[in-house]
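Q: Could you go through this structure with me, starting with the strands and then turning to the rings?

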Amino acid sequence: MIVTIDGPAGAGKSSIAHQVASRLEFEFLDTGAMYRAATLAALRAQMDLSDTDGLAEFVGTLNLAWKSNTIWIDQEDVSGLIRTPEVTRSIRYLADVPAVRSRLSQLQRQIACGRNIVTEGRDQGAEVFPDAECKIFLTASPTERAKRRMRQLADSGSYLSLEDVLAAQNQRDLEDRMRAVGRLRAADDAVVINTDGMLPEQVLDQIVDLVRSRLD
Ligand code: C5P
């Protein structure tokens, strides 16, 4: 069974998707990590990020692997290197290229094939797994998402103002929503959950109950 969890940055998808997978004893796939690792590889190779054909060719030959919740380029686990501001800033150059999306979507389908898996991203329910048995679109108001992000950053020692976090988030939302291919959107048959005012445990319970009802 495939469970897709999509939604904007800061909606809490990642931690919820992880917990849903572990409660149900499903595997987990973080597709954002794949876009991040491809971007890291392109930066390391000093690719011209405006050269869409070059990026498509580069990603076509890239040896990306997802193993036990870690992301690898060739023989290197790069999971700890993909969340830098430079990578985050540069992702859109790759994520906007249809051929790059097509290659990463193909890898995602290969990874999920025949498995019980929770996949998390932006385009999973609407584009990559249109036949997934259970699709969730997790969202929250911009201010709520920015406040959560601020708390996360503070936990790791970075203190940013709400205005700055909100501005960066609005920019990412715009990029994710306006993309010609693979844009952020809820699939027509997705269950939309607005997590404003909900505790993480409540969101988790609601999704787990939903998946169990589909399993039955
Ligand atoms: O989920 P995360 O924030 O790590 O994703 C980083 C970026 O990768 C997103 O802002 C989006 O631009 C891109 N992405 C995407 N499609 C996905 C997952 C992520 O375009 N399925």
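Q: In which sense do β3 and strand β4 pair?
A: This is a predicted model, in which local features need pLDDT of at least 70, side-chain atom pairs count only at pLDDT 80 or more, and totals for chains, interfaces and linings use all residues. Residues are numbered from 1 along each chain as its sequence is written, and side-chain values use heavy atoms, with hydrogens and water left out. Strand β4 (residues 70-73) and β3 pair in the antiparallel sense over four bridges, where pairing takes at least two DSSP bridges between two strands and a strand is a DSSP run of E with at least two residues, numbered from the N terminus.

Q: And what stands opposite A65 in β4?
A: That is W72.

Q: Which side chains of β3 are buried?
A: L64 and W66 point to one face and are buried, meaning under 20% relative accessible area with a 1.4 Å probe and protein chains only, while A65 and K67 point to the other face and are not buried.

Q: New topic: how many aromatic pairs are there?
A: The count is one aromatic pair, with rings of Phe, Tyr and Trp (its six-membered ring) pairing if their centres lie within 6.5 Å, and with planes under 30 degrees apart called stacked, over 60 edge-to-face and the rest tilted.

Q: Why is the pair of F28 and W66 edge-to-face?
A: The ring planes of F28 and W66 stand at 65 degrees, with the centres 6.3 Å apart, so the pair is edge-to-face. F28 lies in strand β2 (residues 27-30) and W66 in strand β3 (residues 64-67), 38 residues apart.

Note on methods
Buried means under 20% relative accessible area, exposed over 50%, partly exposed in between (1.4 Å probe, protein chains only).
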